[in-house]
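User: I should like a close look at one part of this structure, followed by an account of how the surrounding parts are arranged. Please write for a first-year student.

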Amino acid sequence: MSSEREDWQCTGLRWDHSGPALSWRHPGRGERSSPLPPERPLAFTFGARRRCVGVRRGGRHTPCPEDASLSPSAVSAQCPACARLDRSRSVAADTMADDPRPYDVYLAWFGPELIKVGITATEREGVRLLEQAALSYALLGHGPLMAARRAEAVLGAALTVPDRFPYAAKRSARHALPPRPLRAAELAALHERARGLPGLPDSLSVVDFRPVHHDAAFHLGRLRPPDGTVEPEAGRTLAGTMAAVAGPDLYVTAADGRLLLADARQLAGWPLSAAPPDAATTVTVRAPTPTPSEPDALF
């Protein structure tokens, strides 16, 4: 009988311009990925224990030295020690000021009044925006890392453009999607104001407004508010067909017609074994949390 350490461990969701895929790692067989196009059958059972995925840097993987267990509900798939090591050389943690690569400054649209500023390595060609579940975005400019960081700070101070939002706000906003012209108009107005700011670094090359929309990449036309959210649990099964993927969120249509949302960040670290295509969904499904625009459940 194989041990838990010999199972394929899910390491999370990976995006590229061909679409989303779940990634896997096996101690003896290396790595693989499973594309997640719409209508693909999906059926897996959670293993006995969720473990830290370790650190991946420069294309190399370092296993967690403690083989630490993780909470089933944690968004991070790293233990505190591995997370600290990961951030010790990270653009997000401002510990890579010597990074020679060029960076893009972007404006990302997640919903009405939900536009943020951020930076991403130019070589990633916008994949960061797919990972963040930005519904639309536009580049402001590109330049050295510190110039991009300075531009990000200028927009935050002068135009009160945040560099992050609570993920729950981004998730709920995508289910009442305004048309692309409205999204483009909001981005264009902010882009025009931003490019006219006097404090932008000289080394930042400002670019013309050119919106990018992720309707097709996320299959937004297939989305509606989910009927519930999957809670990972050892020994339980999730089965159905893929409806869509937006950022880290998997939308799965169960056999009974319910649209279930599974956060791929919570799948990372679990050994997931294939279940029969006709397997029953036995995971706990948490009912949607009412938002301010929804009536309270008591009334």
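Which relative accessible area does Thr-120 have, and is Thr-120 buried or exposed? Please begin there and then describe the parts around it.

Analyst: In this predicted model, Thr-120 has a relative accessible area of 5%. The cut-off for a buried residue is under 20%, so Thr-120 counts as buried. Thr-120 belongs to strand β8. Leaving aside residues up to four places away in sequence, Thr-120 touches Tyr-103, Asp-104, Tyr-106 and Arg-128.

Strand β8 covers residues 114-121, and β7 covers residues 103-111. The loop between β7 and β8 contains Glu-113. Glu-113 has a positive phi of about 65 degrees, although it is not a glycine. Unlike the buried Thr-120, Glu-113 is exposed, with a relative accessible area of 76%.

A positive phi is also found at Ala-133, where the angle is about 70 degrees, and this residue is not a glycine either. Ala-133 lies in the loop between α2 (127-131) and β9. Ala-133 has a relative accessibility of 2% and therefore counts as buried.

Strands β7, β8 and β9 (136-143) are among the elements against which the buried residues of helix α5 pack. The others are α3 (145-159), β11 (212-213) and α6 (215-218). Helix α5 consists of 16 residues, 180-195. At 1.5 Å a residue, α5 should span 22 Å, and its end C-alpha atoms are indeed 22 Å apart, so the two values agree.

The buried residues of α5 are Arg-183, Ala-184, Leu-187, Leu-190, His-191 and Ala-194. They cover an arc of only 135 degrees around the axis, which means that they are on the same side of α5. A general rule helps in reading this pattern: an α-helix has 3.6 residues a turn, so residues three or four places apart point the same way. On the other side of α5, Pro-181 and Glu-192 are exposed.

The nonpolar interior can be considered next. The largest nonpolar core has 58 residues, and those touching the most other members are Leu-13, Leu-36, Val-105, Leu-155, Leu-238 and Leu-250. Not counting residues up to four places away in sequence, Leu-238 touches Leu-42, Ala-43, Phe-44, Val-230, Val-252, Leu-260, Ala-262, Thr-281 and Val-283. Another core, of 10 residues, lies apart from the largest one, and its members include Val-55, Leu-70, Ala-77 and Ala-268.

Two sheets complete the account. One is an open sheet of 3 strands in the order β1-β2-β3, with antiparallel pairing. Its edge strands, β1 (9-16) and β3 (30-35), each pair on one side only. The twist in this sheet averages 30 degrees from one strand to the next. Strand β2 (residues 19-26) is joined to β3 by 6 bridges, and Ala-21 stands opposite Pro-35 in β3.

The other is an open sheet of 7 strands, in the order β16-β4-β13-β14-β15-β12-β17, and its pairing is mixed. Strands β16 (272-274) and β17 (284-286) stand at the edges with a single partner strand each, so one side of each has no neighbour in the sheet. Here the twist averages 45 degrees from one strand to the next. Strand β12 (residues 228-231) pairs with β17 over 3 bridges in the antiparallel sense, and Thr-229 has Arg-286 in β17 as its bridge partner.

Notes
Residues are numbered from 1 along each chain as its sequence is written. This is a predicted model: local features need pLDDT of at least 70, side-chain atom pairs count only at pLDDT 80 or more; totals for chains, interfaces and linings use all residues. Side-chain values use heavy atoms; hydrogens and water are left out. Helices (H or I, at least four residues) and strands (E, at least two) are DSSP runs, numbered from the N terminus. The expected span of a helix is 1.5 Å times one less than its number of residues. Buried means under 20% relative accessible area, exposed over 50%, partly exposed in between (1.4 Å probe, protein chains only). The arc is that of the directions from the helix axis to the C-beta atoms. Contact means heavy atoms within 4.5 Å. A nonpolar core is a set of buried Ala, Val, Leu, Ile, Met, Phe, Trp, Tyr and Cys residues joined through side-chain atoms within 4.5 Å. Two strands pair if DSSP finds at least two bridges between them. Axes are lines fitted to C-alpha atoms, for helices over the stretch in contact, and angles run from 0 to 180 degrees between N-to-C directions.
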